[in-house]
Amino acid sequence: MFDIILQAGASVLLDPLTLGLMALGTLAGLLAGAIPGFTIAMGVILTLPFTFGMSPIQGLATMMGVFVGGLSGGLMSGMLTGIPGTPSSVATTFDGFPMVRSGKPGLALGLGLWSSFFGGMISAIILVALAPQLAFLGLEFGPWDYFALIVFALTITVSLSGDNMVKGLIAGLLGLFAACVGEDEINGVARFAFGSDHIRQGFAFLPVLIGLFAFSQLLSDVEDNVKAKSPLMAKTADPVRVEHRKAIALVIKNWINLCRSSFIGIFTGILPAAGGSISNILAYDQAKKASKNRSEFGKGAVDGIIAPEAANNATAGGALIMMMALGIPGDIVTAVMLGALMIHNIIPGPSFIQDEPLLAYGVFIAFFAAHFFMVGLQAFSLKLFLLVTRIPMYVLASVILAYCAIGVFALHNITFDIWVMFAFGVIGYFMRKLGFPLAPMILGVVLGKLAELNLARAIGTSDDYFLFITRPWSLFFILMALVSVLFPFYQNASKDTLFSKLFVPISMIVLSFPLFLMQSPVRMIIAAILLLAGSYFVYKRMSTLQAT
Amino acid sequence: MTSNKSDIIIAIFLLCFSGIMINDASNIRDLGFEGMKADAWPRVVLWLLVVMSSVMLGKSYIQLKTEGHKDNNTFQVNFSKFKNAFICFGMFLFFLSTLDYLGMLLGGIAFVFGLLTFLGGFSLNLIIKHLTISVLSIGFMWMVFTFGLRVMLPEGEILRVW
């Protein structure tokens, strides 16, 4: 094991080209994260075409740089101008901006930077420790369990994607349908090709993704004539000197908040679809609740900066755990990385870490290293950011649209891919306008083939359909899917209703059953704890209800 | 926020789309092998789409009935709002249609220049600025992909003849 880690480390850290690409990726990520209207996912998507000519580790290391850089880039614009660069840095502005306005911009940036760094480091350690274990667990999965896991991933994406669950489900189903078009994986029979040889090959993942996400986003960005012609940011910021030493001391002093927020980030990242945009607000909220100086929050509290920044960088580690261990992307960024691996003919799954240990550990090491690049490049990226923000959006959008076309063409060297990108760009644009969330559709496209393949394998192995509910893991994921479907109703229900009071404890009781069926001592202990805690809460809440 | 009327139209469109695709699914060949047929999974997905679209239709219709008086005049598509998006669609369509003739280099420059000018304005200063941006940006990307990444971008008939 140790020699594999050393080899993987050498392939990343001793190769000047990989290091250079990663530095470039981190810089691009810092900029993409800092510019409002650009997201980390967009940065990673636009980087992908450049990685075709690279080795898998170089490509993934570059994208890792963009990912980590993007998560930290959002804090620059959020703190200096009050406009968060990405949704994952929304909560950073709550205290970061007031601290800057109170005359401490260097300290505010330093706190954000070092919280991101330490949050990322904690999640990197958990990633290295947990991903191989989770992958080992994943080896227990049969096709029934895998299919149920994909169903769970899709349902939770839908339930977390917004107010309108029906539209989320429709988006997910449209994604699954798009993945059906072309020759099927099992029999090689053409489906929905309508006589076209190009459609018979199916839609390549990348053009669909760039179209749905990047193309449609760019169109939305230039929609407003006045905004499109104005510089990216109306407010300007002055270059500042980051107070590193003071910031490090403060972050370490508030280590409890740092660790709590990092773990919130990791947990949120592990959940499919729940990314940095959720974790930063959750961590901020928890930090505020735990603080002795709650009144300071919103006025430039140190804890108010540490919590969201540590959480959003830690989310990346959590999302990578799922992707590396089970081949299930946690968010759009990891979905793109999954696509990048597929382009290099590497199929992530439970056996990925065992089959491709050099690549897997290389990714872990790249994740570590990207955080050092992020710290080192922050000052330079701040100067670049101030330059880029003077460019009007319509200039950036026009150039990037052309770049998308070139990048998509580079995938298979066929013009049809650009047509696919255009078609899905139009679809994505109107879906945005009509209130359909795009994340479920993108995950539907990514997971569609995998879902069908596992369903076919399950049916091909046995005609006993009850295996979907008698196998413990499959039952566990189906129950989790049901819980995630009901979750939005729980969120919207009044606190006094029976449903709202009993939803969590009954979910705990129900989820304990498949864990009992797994017949492993550790899982049975977890099941017993869930059952006892759930029963206790049901009893307590029923007693309160009867009393009132 | 979208209006209930537009949701009804979208739901009906999705139902029609699902219907056409379910009908086309009957053309998927059955090779006669054991196990799951090639049309089974798409059918499941499409029928679920029918169910969800029906739910959306019903929900929007009920909401329209209850909130109808507020919603009566909201379904007026403001085309000027989408003007820039339609310009992008049109320019991209033109770029794609002429790709075989102009190639990626000339076509790309024409696309970026056209889009910049339509979105940014037509004054002489801006036109010079847009031309410079389009030549430099596309020229740079073309060089990166052609010489750096060894991708054979479409040359175009014009450059080939020339």
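**Entry 1: A:Leu258**

I started with A:Leu258, which sits in helix 13 (residues 255-270) of chain A. This is a predicted model, so I am reading computed positions throughout. Is A:Leu258 buried or exposed? I counted 26 C-beta neighbours inside 10 Å, and since 20 or more is the cut-off for buried, A:Leu258 counts as buried. Leaving out residues up to four places away in sequence, I listed what A:Leu258 touches: A:Ser115, A:Phe118, A:Gly119, A:Val251, A:Ile306 and A:Ala310. I also checked A:Ala311, 53 residues from A:Leu258 along the chain, and got 8.2 Å between the two C-alpha atoms.

**Entry 2: helix 6 against helix 15, chain A**

Next I looked at a helix pair in chain A. Helix 6 (residues 105-138) and helix 15 (residues 302-326) of chain A have axes 7 Å apart and pack at an angle of about 25 degrees. Angles under 35 degrees count as roughly parallel, so helix 6 of chain A is roughly parallel to helix 15 of chain A. I noted the crossing of these two helices as right-handed. What does the contact consist of, by class? I have 23 nonpolar, ten polar and one charged residues for helix 6 of chain A with helix 15 of chain A.

**Entry 3: A:Leu338**

Then I went to A:Leu338, in helix 16 (residues 332-343) of chain A. A:Leu338 has 22 other C-beta atoms within 10 Å, so I put it down as buried. Which residues does A:Leu338 touch, not counting those up to four places away in sequence? My list reads A:Met323, A:Gly327, A:Pro329, A:Pro348 and A:Val446. I looked up A:Leu60 as well: 278 residues separate it from A:Leu338 in sequence, while the C-alpha to C-alpha distance is 9.7 Å.

**Entry 4: domains**

I pulled the domain assignment for both chains. Chain A is divided into domain 1 (2-185 + 214-456) and domain 2 (469-547). Their C-alpha centres are 31 Å apart. How many residues of domain 1 of chain A are in contact with domain 2 of chain A? I found 13, and they meet eleven residues of domain 2 of chain A. Helix 7 (residues 143-160) of chain A gives the largest share of that domain 1 side, nine residues. By class, the domain 1 side has eight nonpolar, three polar and two charged residues.

For chain B, I have domain 1 (4-76) and domain 2 (81-161) from the assignment. The C-alpha centres of these two domains of chain B lie 38 Å apart.

**Entry 5: where chain A meets chain B**

I moved on to the contact between the chains, with 45 residues from chain A and 51 residues from chain B. On the chain A side, I wrote down the helices that each supply at least two residues, among them helix 8 (165-180), helix 20 (416-433) and helix 21 (439-461). Which helix of chain A gives the most to this side? It is helix 19 of chain A, with ten residues. I sorted the chain A side into 32 nonpolar, eight polar and five charged residues.

**Entry 6: helix 19 of chain A on helix 6 of chain B**

Helix 19 deserved its own entry. I looked at helix 19 (residues 393-412) of chain A with helix 6 (residues 124-148) of chain B: the axes are 11 Å apart, at an angle of about 25 degrees. That makes this pair roughly parallel too, and the crossing is right-handed. From helix 19 of chain A, I listed A:Val395, A:Val399, A:Ala402, A:Tyr403, A:Ile406 and A:Ala410. Opposite them in helix 6 of chain B are B:Ile133, B:Ser137, B:Ile138, B:Met141 and B:Phe145. Sorting this contact by class, I get ten nonpolar, one polar and no charged residues.

**Entry 7: two positive phi angles**

Last, I looked up two backbone oddities. A:Asn413 is not a glycine, yet I read a positive phi of about 60 degrees there. A:Asn413 lies in the loop between helix 19 and helix 20 of chain A. Is A:Asn413 buried or exposed? With 11 C-beta neighbours inside 10 Å, A:Asn413 counts as exposed, given that 12 or fewer is the cut-off.

A:Phe194, also not a glycine, has a positive phi of about 50 degrees. I placed A:Phe194 in the loop between helix 8 and helix 9 (197-200) of chain A. A:Phe194 has 10 other C-beta atoms within 10 Å, so I noted it as exposed.

Conventions:
Residues are numbered from 1 along each chain as its sequence is written. Chains are lettered from A and ligands numbered from 1 in the order in which they are written. This is a predicted model: local features need pLDDT of at least 70, side-chain atom pairs count only at pLDDT 80 or more; totals for chains, interfaces and linings use all residues. Helices (H or I, at least four residues) and strands (E, at least two) are DSSP runs, numbered from the N terminus. Two residues are in contact if their C-beta atoms, placed from the backbone, lie within 7 Å. Domain bounds come from an automatic or database domain assignment. Ala, Val, Leu, Ile, Met, Phe, Trp, Tyr, Cys and Pro count as nonpolar, Asp, Glu, Lys and Arg as charged, and the others, Gly among them, as polar. Axes are lines fitted to C-alpha atoms, for helices over the stretch in contact, and angles run from 0 to 180 degrees between N-to-C directions. Angles under 35 degrees count as roughly parallel, over 145 as roughly antiparallel, 65 to 115 as roughly perpendicular and the rest as oblique. A crossing is left-handed if the near helix is turned anticlockwise from the far one by less than a right angle, and right-handed if clockwise.
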